[in-house]
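Visitor: I would like to take a close look at one part of this protein and to see how it fits into its surroundings. Please go slowly and keep the pieces connected.

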Amino acid sequence: MTSSTTIKAGRRTIGDGQPVYIIAEIGINHNGSLELARKLIDGAIFAGADAVKFQKRTPELCVPRDQWHLERDTPWGRITYLEYRYKMEFTYEQFRSIDRYCRARNLDWFASCWDEEAVDFMEQFDTPLYKVASATLTDLALVQKMKATGRPLMLSTGMSDMRQIQAAVAVAGPDNLLLAHATSSYPCPPEELNLRMIPTLKALYPTIPIGYSGHEVGLAPTWAAVALGATFVERHITLDRAMWGSDQAASVEVMGFHNLVRNIRDIEQALGDGVKRIYPSELPVMKKLRRIDSTQPDHAHS
């Protein structure tokens, strides 16, 4: 049974029978630089993505207190983990600039909120949806807070078992909900991608659009996810996989993202509707190569 439910998000409709909604996850690959964020947005537009996604955290709420003062090497020198997390967060003015930049280019943008204060912060912008990151799937109060905004909600299911997924879906409710299959390792080895979870989730939740959030190296598994019925896909985008940052190695560079999108569009067309027919392009070939027409009664065997 296929989903009859589609969800309007920004400029697009997501669900079965619709073009795959392709999200370029910028995440934290901007390394706190607005200029880098703009270049990544430009790259996503060039590649043909439908949306870009950021992350929003309130560092004191998201960093465990015992890690606040641990020092680490960063592009800003050796600083505490809490200082580093602040360097990676965009301010209201910076997000306002991103909002203007995307709107001027007809590109959807949204964010995954990692804490309840981040939801209040993001409500200052009219984004088309919210995402619950895999890491926060079990924070049911946060799921509830995002759902209460009335915006569509995308749940990512990495590092979660079925019981936890079902609990989050129960809290969010099936309306205006999107569910993304994911495995949260960066980069993810192919044998842990478990893409057959996509048809499993589609069968379990026939009225919820099911998608795929991938962290693998390479593009083939994402194409396979589309062939298996993913109605939206999300991949991290980067200008250079060798750049500093924890997500860069599991990201796709701009030309790779361009290939990803182009081939997804080809796959969508190639999948067809499952009804067998003879296409006009086959007729001259049939006339030239077929000797016997088995549908004619005079050729039928008695």
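Does Met159 count as buried or exposed, and what is its relative accessibility? Please start there, and then take me closely through strand 10.

Guide: A word of caution comes first, since this is a predicted model. Met159 has a relative accessibility of 57%, and because the cut-off for exposed is over 50%, Met159 counts as exposed. The residue lies in the loop between strand 9 and helix 7, and although Met159 is not a glycine, its phi is positive, at about 50°. As background, most residues other than glycine have a negative phi.

From that loop the path to strand 10 can be followed through a single unit, in which strand 9, helix 7 (residues 162-172) and strand 10 make a right-handed β-α-β arrangement. Strand 9, covering residues 153-156, runs parallel to strand 10 and is joined to it by 4 bridges. Within this pairing, Leu153 stands opposite Leu177 of strand 10.

Strand 10 itself covers residues 177-182, and 6 of its 6 residues are buried, so the strand is largely enclosed by the rest of the structure. The burial can be followed on both faces: Leu177, Leu179 and His181 point one way, Leu178, Ala180 and Ala182 point the other way, and all of them are buried. For the wider setting, buried residues make up 48% of the 302 residues in the protein.

Strand 10 also pairs with strand 11 (residues 210-214), again in parallel and again through 4 bridges. Here Leu179 is the residue to look for, as it stands opposite Ile210 in strand 11. Leu179 thus belongs to the set that points one way from the strand together with Leu177 and His181, while Leu177 has Leu153 opposite it in the pairing with strand 9. The connection onward from strand 10 passes through helix 8, residues 197-204, and strand 10, helix 8 and strand 11 make a right-handed β-α-β unit. Strand 10 therefore takes part in two such units, one with strand 9 and helix 7, and one with helix 8 and strand 11.

The loop between strand 10 and helix 8 deserves a pause, for Pro187 is found there. The peptide bond joining Tyr186 and Pro187 is cis, with an omega of about -10°. In general, most peptide bonds are trans.

A backbone feature like the one at Met159 can be found at Asn106, which has a positive phi of about 55° although it is not a glycine. Asn106 is found in the loop between helix 4 (92-104) and strand 7 (108-113), and at 57% relative accessibility it counts as exposed.

Beyond strand 11, it is worth turning to the packing of helices. Two packed helices are described by the angle between their axes and the distance between the axes. Helix 9 (residues 220-227) and helix 10 (residues 254-271) pack at an angle of about 25°, with their axes 10 Å apart, and the two helices are therefore roughly parallel to each other. Helix 9 passes helix 10 in a right-handed crossing. On the side of helix 9 the contact is made by Thr222, Trp223, Val226 and Ala227, and on the side of helix 10 by Asn259, Leu260, Asn263, Ile264, Ile267 and Leu271.

A second helix pair brings us back to helix 4: the axes of helix 1 (residues 34-47) and helix 4 come within 11 Å and cross at roughly 25°. Helix 1 and helix 4 are therefore roughly parallel to each other, and helix 1 passes helix 4 in a right-handed crossing. Helix 1 contributes Leu34, Ala37, Arg38, Ile41 and Asp42 to the contact, and helix 4 contributes Gln94, Ser97, Ile98, Tyr101 and Cys102.

To place strand 10 within the whole, the secondary structure of the protein comes to 11 helices and 13 strands, and its C-alpha atoms fill a box of roughly 85 × 40 × 40 Å along the principal axes. Among contacts with a separation of 6 or more, 64% are accounted for by residues 24 or more positions apart.

How values were computed:
Residues are numbered from 1 along each chain as its sequence is written. This is a predicted model: local features need pLDDT of at least 70, side-chain atom pairs count only at pLDDT 80 or more; totals for chains, interfaces and linings use all residues. Side-chain values use heavy atoms; hydrogens and water are left out. Buried means under 20% relative accessible area, exposed over 50%, partly exposed in between (1.4 Å probe, protein chains only). Two strands pair if DSSP finds at least two bridges between them. A crossover is right-handed if, with the strands pointing away from the viewer, the path from the first strand over the helix to the second runs clockwise. Axes are lines fitted to C-alpha atoms, for helices over the stretch in contact, and angles run from 0 to 180 degrees between N-to-C directions. Angles under 35 degrees count as roughly parallel, over 145 as roughly antiparallel, 65 to 115 as roughly perpendicular and the rest as oblique. A crossing is left-handed if the near helix is turned anticlockwise from the far one by less than a right angle, and right-handed if clockwise. Contact means heavy atoms within 4.5 Å.
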